[in-house]
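Colleague: I have a model open and want to learn how to read it. Can you take me through it feature by feature?

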Amino acid sequence: MIEAHELSKEFRDRKRGLVRAVDGVSFTCRPGRIFGLLGANGAGKTTTLRMLATLLTPTGGRALVAGHDVASEPEKVRAKIGFMSNSTALYGRLTAREMIEYFGRLHGMDGAALRARVDTLIGELGISEFARGRCDRLSTGQKQRVSIARAIVHQPEVVIFDEPTNGLDVMTSRTITGFIHRCRAEGRTVIFSSHIMSEVERLCDEIAVVHDGRIVAHGTMDELRAKTGRTQLESVFLALVGEPEEVAS
Ligand SMILES: Nc1ncnc2c1ncn2[C@@H]1O[C@H](COP(=O)(O)OP(=O)(O)OP(=O)(O)O)[C@@H](O)[C@H]1O
Ligand SMILES: [Mg+2]
């Protein structure tokens, strides 16, 4: 479970001054449900997820992840989450398999149990073909699969994915969205960010639309449609973030 209460993050930027990247967001993500943060570039998605993953300290509000406060109990939170973002680094010299095993050991796993877990992930995420390939020689999509495996090798209760399908082809995206569904079926709490409306609609039980650091709407896709009186995904989104639909030519 994830509970964010008035969570905020301000950055002091030398050129821009005070940047309110996340400005008092509150939401709850429940086990066995997929929660989507939908927003345009710069909306505050990554900043929000990085606070939940304890990689950034909130400047206001609080968040509880799996029952622990992200600011005061970051180690406890880290043991219970799997976080994956586009900046998740892989060690170039390790093979895909070694990389996943290495992170399993960091989480205290070893022996047959670790091997079995790594085999399962390699199967579920379609890594077999390149499991023996060095990470620095993998393609973007292959790296993404390994990053996900690495993030969830310890079977975390809470899964936090920042734009998990960014830059991936249709087949790889499907592997990853299938995997996210499996996490839900296993009862995990899943939150992910995206700027792709169709993906969010397909995957999420609940959607929070983020704009300028705030949640401007929250609900199922059908609820968001009802709220805006529009059906086309793009029009729903544009209406919620207050952008005009017509582009002057
Ligand atoms: N370290 C930082 N210092 C100053 N400003 C920052 C910092 N990190 C993020 N920001 C600003 O905070 C705002 C939110 O950024 P964030 O990365 O959370 O957006 P995002 O929704 O993930 O966007 P994208 O879809 O492009 O990934 C942006 O205006 C960004 O420039
Ligand atoms: Mg981002």
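**Helix packing first**

Modeller: This is a predicted model. Start with α3: its buried residues pack against α4 (111-124) and α5.

Colleague: Which residues of helix α3 (residues 96-106) are buried?

Modeller: First the general idea. An α-helix has 3.6 residues a turn, so residues three or four places apart point the same way. Now the case here. The buried residues of α3 are A96, R97, M99, I100, E101, F103 and G104. Just after α3 comes G108, with a positive phi of about 85°.

Colleague: Where else does phi turn positive, outside glycine?

Modeller: Most residues other than glycine have a negative phi, and most peptide bonds are trans. E6 departs from that pattern, with a positive phi near 50°. E163 is another non-glycine with a positive phi, about 45°.

Colleague: In which elements do I look for E6 and E163?

Modeller: E6 is in strand β1. E163 is in the loop between β7 and α6 (170-185).

Colleague: Is E163 buried or exposed?

Modeller: Count C-beta neighbours. The cut-off for buried is 20 or more other C-beta atoms within 10 Å. E163 has 21 inside 10 Å, so it counts as buried. E6 has 13 other C-beta atoms within 10 Å and is therefore partly exposed.

Colleague: On to sheets. How do I read one?

Modeller: Strands of a sheet pair through backbone hydrogen bonds, either parallel or antiparallel. Take the order of strands, then the edges. One open sheet here has 4 strands, in the order β2-β1-β4-β5, with antiparallel pairing. β2 and β5 (68-69) are its edge strands, each pairing on one side only.

Colleague: How many bridges join β1 to β2?

Modeller: There are 10 bridges between these antiparallel strands. Within that register, F11 stands opposite V19 in β2. A helix also packs on this sheet: α1 touches β1, β2 and β4 (60-65). The direction of α1 makes about 120° with that of β1.

Colleague: What is the strand order in the open sheet of 6 strands?

Modeller: The order is β6-β7-β8-β3-β9-β10, and the pairing is mixed. The edge strands are β6 and β10 (214-219), with pairing on one side only for each. From one strand to the next, the twist averages 15°. Helix α5 (residues 140-152) packs on this sheet and touches β6 and β7. Its direction makes about 160° with that of β6.

Colleague: How does β6 meet β7?

Modeller: They run parallel, joined by 4 bridges. F83 stands opposite I160 in β7. G82 has V159 as its bridge partner in β7.

Colleague: Which way do the residues of strand β6 (residues 81-84) point?

Modeller: I81 and F83 point one way, G82 and M84 the other way. All of them are buried.

Colleague: Now the ligand. Which residues are closest to ligand 1?

Modeller: Read a shell in steps: its members, their elements, their chemistry. The shell around ligand 1 holds 13 residues, and the closest are F11, A21, N41, T46 and T47. The elements that give two or more residues are β1 (2-13), β2 (17-29) and α1 (45-52). α1 gives the most, with 3 residues. By chemistry, the shell divides into 4 nonpolar, 7 polar and 2 charged residues.

Colleague: So F11 turns up twice?

Modeller: Yes. F11 is among the closest residues to ligand 1. F11 also stands opposite V19 in β2.

Colleague: Last, the whole chain. How many helices and strands are there?

Modeller: The protein has 9 helices and 10 strands. Its radius of gyration is 18 Å, close to the 18 Å that the globule rule gives for 249 residues, so the protein is as compact as a globular protein of that length. Along the principal axes, the C-alpha atoms fill a box of roughly 55 × 40 × 40 Å.

Colleague: What share of the residues counts as buried?

Modeller: Of the 249 residues, 41% do. Check sequence separation too. Take contacts between residues at least 6 apart in sequence: 66% of them join residues at least 24 apart.

Conventions
Residues numbered from 1 in each chain as written. Chains lettered and ligands numbered in written order. Predicted model: local features only at pLDDT ≥ 70, side-chain atom pairs only at ≥ 80, totals over all residues. Near = placed C-beta within 6 Å. Nonpolar A, V, L, I, M, F, W, Y, C, P; charged D, E, K, R; others polar. Pairing = 2+ DSSP bridges. Contact = placed C-beta atoms within 7 Å. Axes fitted to C-alpha atoms, helices over the stretch in contact; angles between N-to-C directions. Buried ≥ 20, exposed ≤ 12 C-beta atoms within 10 Å, placed from the backbone. Rg over C-alpha atoms; globule rule 2.2 N^0.38 Å.
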